[in-house]
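Colleague: Hey, I'm new to this one. Can you put it up and walk me through it?

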Number of protein chains: 2
Amino acid sequence: MFATPLFAQELQFAALRDFPLESGATVRNCRIGYRTFGKLNAEKSNAILFPTWFGGTTENLISFIGPGKLIDSSRYFVIAVDALGDGVSTSPSNYASQPRMQFPSLAILDMVHSQHQLAEAVLHLPHLRAVMGISMGGMQTFQWMVAYPDYMDCAIPIVGSPKLTSYDLLLWESGIHAIEGDANWKGGDYTSPPEAGLRTRADIEALAIQTPAYRVAHTRPEDLQKFLEAEETASIHGFDANNWIRQAQAMIAHDISRPFGGDMAKATAAVKARVLIVVGLQDHMVNPTPALAFARLLHAPTVELDSDCGHVVTSCEEAKIGAAITDFLSK
Amino acid sequence: MFATPLFAQELQFAALRDFPLESGATVRNCRIGYRTFGKLNAEKSNAILFPTWFGGTTENLISFIGPGKLIDSSRYFVIAVDALGDGVSTSPSNYASQPRMQFPSLAILDMVHSQHQLAEAVLHLPHLRAVMGISMGGMQTFQWMVAYPDYMDCAIPIVGSPKLTSYDLLLWESGIHAIEGDANWKGGDYTSPPEAGLRTRADIEALAIQTPAYRVAHTRPEDLQKFLEAEETASIHGFDANNWIRQAQAMIAHDISRPFGGDMAKATAAVKARVLIVVGLQDHMVNPTPALAFARLLHAPTVELDSDCGHVVTSCEEAKIGAAITDFLSK
């Protein structure tokens, strides 16, 4: 399993064998992709798990890891993990026995269970210093808090949510409707890609990922077509549409209060980690309301960024968020 | 032509005969729908023209007209006008010789020219006290200021724009892509309505018409499906898709500075009316930036509403806007 070096940022895979999902289905020979950065100390007390965002892979996380970045790999052993369904770990796009939309439903909790197995059974870590993640990575971080409350010291969800709002649901449902409304889609069994659907999906994402003010300030009206074509081309040739839908459905069903009868106060009472909650106040992709309500229930500190960057505030304000994380983890 | 009473709010039609469009095409036997409210005074000095918004008809304007409403028909003779392409006036949905997408391109300026003909040639009004309108009605109001600068005393664009921003363009292009991406669409020549496309179009509109905060506050996550199905059903059975696209394209091409070489300062220099500009600062459907820039160039007073109602601030803040309009018109 460790044919590639442990302390390297190259993509590695952990074999979880037969992995049971929340839906009751089982993924055979489940594989989880990951990359590590920095060195695990002798006490094994400096490991930080960093799962991927929606539609992203660990390759996208590399630029956030390093000295002076979002998380400092000169102090911490950072494990970036490919969430189930991201096209690197076992996913609709790479699971031959149940390909595409035959792939079973995924839950955010499935992603978390797979990451716990990776950390404990594969990497032999008795404990994590922290779990942190951006966007859907932040949703996984919230889920970690109540699924494995004793396993980490700290949890840092960044532009994540313990449960989606009606606005978030509307956004993801719109994208699913755009893809499924394309006659080429054929329930995922397409021979020609559903380009028209993926194009509209890209348009919807472009409407929500930053604020209107950001778009107005950064794109002149006469440049909109060029901007949009680049977004649409990236969508058509980018993240697999089947993976997109299964991960979107995982977010839609995400609710860490479910085992607590839907009572988020009871969910927060189960949290043992020290928590730092980072939100974008103008985030139109993951609404900050549930994360802020969670912070109040938990009396957890927050970093509230009022930026017209919207959801991508982690890129626009990386230095500020990174400094807050360094400070929080050093306490 | 005046078979129905002039001073009644029933729908009437004005025949404009052969009406030339900006595109160079001609609409044969062009008809404009309108409704009047209140009484024209002996001096013919109290007429206010009130064109429709995108996707709306004069029937939708009735509730905004009356004592204590947005515009007071006990003081003013209000002429609500159906914009070209709205399905009441000549439109892709009712123009037999060039139906559906064979209908020529429409411009906001075409709507304005047709309304000027209605006022001057049909209703024999030498002058208007004001032009006012909401949303695309506000865009027509901006267009009126420079197309017929001597014809009105006042102009009151409400959540309108002299030219769309990149964000607005993105929004309307998304909706067009959603409709045109439906295999049933067939360039407008559908036998089965493009329901999947109209459904996604409704989702996109629901994302933009109010703010995320408004949706989160007004719709619980568990009620989102019901909310969305109502929106989607209204879209599928509502405004004709061909009309929708032609009016959306008119907005996309809208730019009152075009005859001035794209110089908006020169456009404002052509304005002779007293102008009151009403915007929603959190409007995600018609971005307020160009209207506010126009107000600064013109040194015009503004009513700036910072409401999470977003674009529908005219409904949410009707009393406040109505009072400002009454005050402005009485000066």
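Modeller: Sure. In chain A, 27 residues of domain 1 are in contact with 21 residues of domain 2, where contact means C-beta atoms, placed from the backbone, within 7 Å. This is a predicted model: local features need pLDDT of at least 70, side-chain atom pairs count only at pLDDT 80 or more, and totals for chains, interfaces and linings use all residues. Residues are numbered from 1 along each chain as its sequence is written, while chains are lettered from A and ligands numbered from 1 in the order in which they are written.

Colleague: What classes of residue are on the side of domain 1 of chain A that touches domain 2 of chain A?

Modeller: That side of domain 1 has 12 nonpolar, 12 polar and 3 charged residues. Here Ala, Val, Leu, Ile, Met, Phe, Trp, Tyr, Cys and Pro count as nonpolar, Asp, Glu, Lys and Arg as charged, and the others, Gly among them, as polar.

Colleague: Where do the domains of chain A run?

Modeller: Domain 1 of chain A covers 12–163 + 256–329, and domain 2 covers 167–250. Those bounds come from an automatic or database domain assignment. Taken over C-alpha atoms, the centres of the two domains are 24 Å apart.

Colleague: Switching topic: how many residues of chain B are in contact with chain A?

Modeller: 34 residues of chain B, in contact with 34 residues of chain A. H4, H5, helix H6 (212–218) and helix H7 (224–237) of chain B each give at least two residues to that side. Helices are DSSP runs (H or I, at least four residues), numbered from the N terminus. By class, the chain B side has 17 nonpolar, 11 polar and 6 charged residues.

Colleague: And what turn lays chain B on chain A?

Modeller: A turn of 180 degrees with a shift of 0.0 Å along the axis, giving an RMSD of 0.0 Å. The superposition is by least squares on the C-alpha atoms of residues with pLDDT of at least 70 in both copies. The two copies are therefore related as by a two-fold rotation axis.

Colleague: Back to H4 and H5 of chain B: at what angle do they pack?

Modeller: About 160 degrees, with axes 7 Å apart. That makes H4(B) roughly antiparallel to H5(B), a label for angles over 145 degrees.

Terms used
Axes fitted to C-alpha atoms, helices over the stretch in contact; angles between N-to-C directions. Parallel < 35°, antiparallel > 145°, perpendicular 65-115°, else oblique. Contact = placed C-beta atoms within 7 Å.
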